[in-house]
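I opened this notebook to keep track of what I looked up, one topic at a time. Each entry sets down what I read off and where I stopped.

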Amino acid sequence: LAFQSGGTTQMVMNTSGNVGIGTTGPSEPLHVVGADSHGIRISSTVNSPILDFWQTGLSSADSRNWRIETNGDNFGDIGFYVSTANNNAPPVTGAKMVINKSGNVGIGTTGPGAPLDVVGSGLSVRLRSSSTANWNGMDFITTTGAANQIYNNYSGSATEQALILGTYTNRANQLVLATTGNVGIGTTTPGRTLTVVGDVRATGI
């Protein structure tokens, strides 16, 4: 079944029941193909356009329904909401994650005050490495390219490893917090509460 305008096919429904807009070969229940910078617009005559991802009759108690909504918790935000049970509707407030009008991302908060604002109870952020090199970390890089790192010890295979604070190009001998609680400067294996390898200058002692 084809719908035409001016002799040009604009929409089709194929024998599988799939509807195509901008395509004559829809592969999904709704398949939309638009020109550059054109796609789907969801509008609302009130405040909050909503896109639901909903499945009825979910058999698993762990299944959930999701909602993407704008202006839900705060005007100018887009939020991601999840139902509290497998067959419940998602809420219209209390987003699990939001992006506000400033571009800040909030996880566990609907009022992010930084580019990434995470609020959680207990462990809030986990970094995992898929590398067999056995280390992970974070870079702190300025606009001029200056960089520092916080990372775990990339040598050894123990589950708990040392935490190292160092410059981007010199990881080996910076400031180390070992799994024993010992602190090392200039060494990654401090044998005492504070171990320094190198010269020390102190004033006011």
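The entries below go through the two sheets, then the salt bridge, then two loop residues.

**Entry 1: the status of the model.** I note at the outset that this is a predicted model, and I read everything that follows with that in mind.

**Entry 2: the four-stranded sheet.** I began with the sheet of four strands, which is open, has mixed pairing and follows the order S1-S2-S3-S4. Its edges are S1 and strand S4 (30-32), each of which pairs on one side only. On average, neighbouring strands of this sheet are turned by 20° against each other, with direction ignored.

I then followed the pairs along the chain. Strand S1 (residues 2-5) runs antiparallel to strand S2 (residues 8-13), and four bridges join them; Ser5 has Thr8 in S2 as its bridge partner. Two residues lie between the strands in this hairpin, and Gly6 takes a positive phi near 65° there. From S2 the next step is strand S3 (residues 19-21), again antiparallel, with three bridges, and here Met11 is matched with Ile21 in S3. The hairpin of S2 and S3 has five residues between the strands, and in it Gly17 has a positive phi near 90°.

**Entry 3: the six-stranded sheet.** I turned next to the open sheet of six strands, whose order is S5-S6-S7-S8-S9-S10 and whose pairing is mixed. Strand S5 (50-53) and strand S10 (116-118) are the edge strands, each pairing on one side only. Between neighbouring strands the average turn is 15°, direction ignored. At the S5 edge I found four bridges to strand S6 (residues 66-70), the two strands running antiparallel, and I noted that Leu51 stands opposite Ile68 in S6.

**Entry 4: the salt bridge.** How many salt bridges does the structure hold? I found one, and it is formed by the side chains of Arg67 and Asp52, at 2.6 Å from N to O. Arg67 belongs to strand S6 and Asp52 to strand S5, so the pair ties together parts that are 15 residues apart in sequence. I checked the burial of both partners: Arg67 counts as buried because its relative accessibility is 10%, whereas Asp52, at 34%, counts as partly exposed.

**Entry 5: Asp77.** I looked up Asp77 in the loop between S6 and strand S7 (78-82). What is the nearest side chain of opposite charge to the buried Asp77? It is Lys101, 5.5 Å away, and Asp77 has no salt bridge. The cut-off of 4 Å for a salt bridge is what I held against that distance. I did find a polar contact of 3.2 Å between the side chains of Asp77 and Asn74. Leaving aside neighbours within four places in sequence, I listed the contacts of Asp77 as Glu69, Thr70, Asn71, Ile99, Asn100, Lys101 and Thr110.

**Entry 6: Asn71.** One of those contacts, Asn71, I looked up separately. Asn71 is also found in the loop between S6 and S7, and its phi is near 60°, a positive value in a residue other than glycine. I recorded this since most residues other than glycine have a negative phi. Asn71 counts as partly exposed because its relative accessibility is 22%, the limit for buried being under 20%.

Notes. Residues numbered from 1 in each chain as written. Predicted model: local features only at pLDDT ≥ 70, side-chain atom pairs only at ≥ 80, totals over all residues. Heavy atoms only, no water. Pairing = 2+ DSSP bridges. Axes fitted to C-alpha atoms, helices over the stretch in contact; angles between N-to-C directions. Buried < 20%, exposed > 50% of the residue type's maximum accessible area, 1.4 Å probe, protein only. Lys, Arg positive; Asp, Glu negative; His and termini not counted. Polar contact = N/O pair within 3.5 Å; in protein donor to acceptor, adjacent residues only side chain to side chain. Contact = heavy atoms within 4.5 Å.
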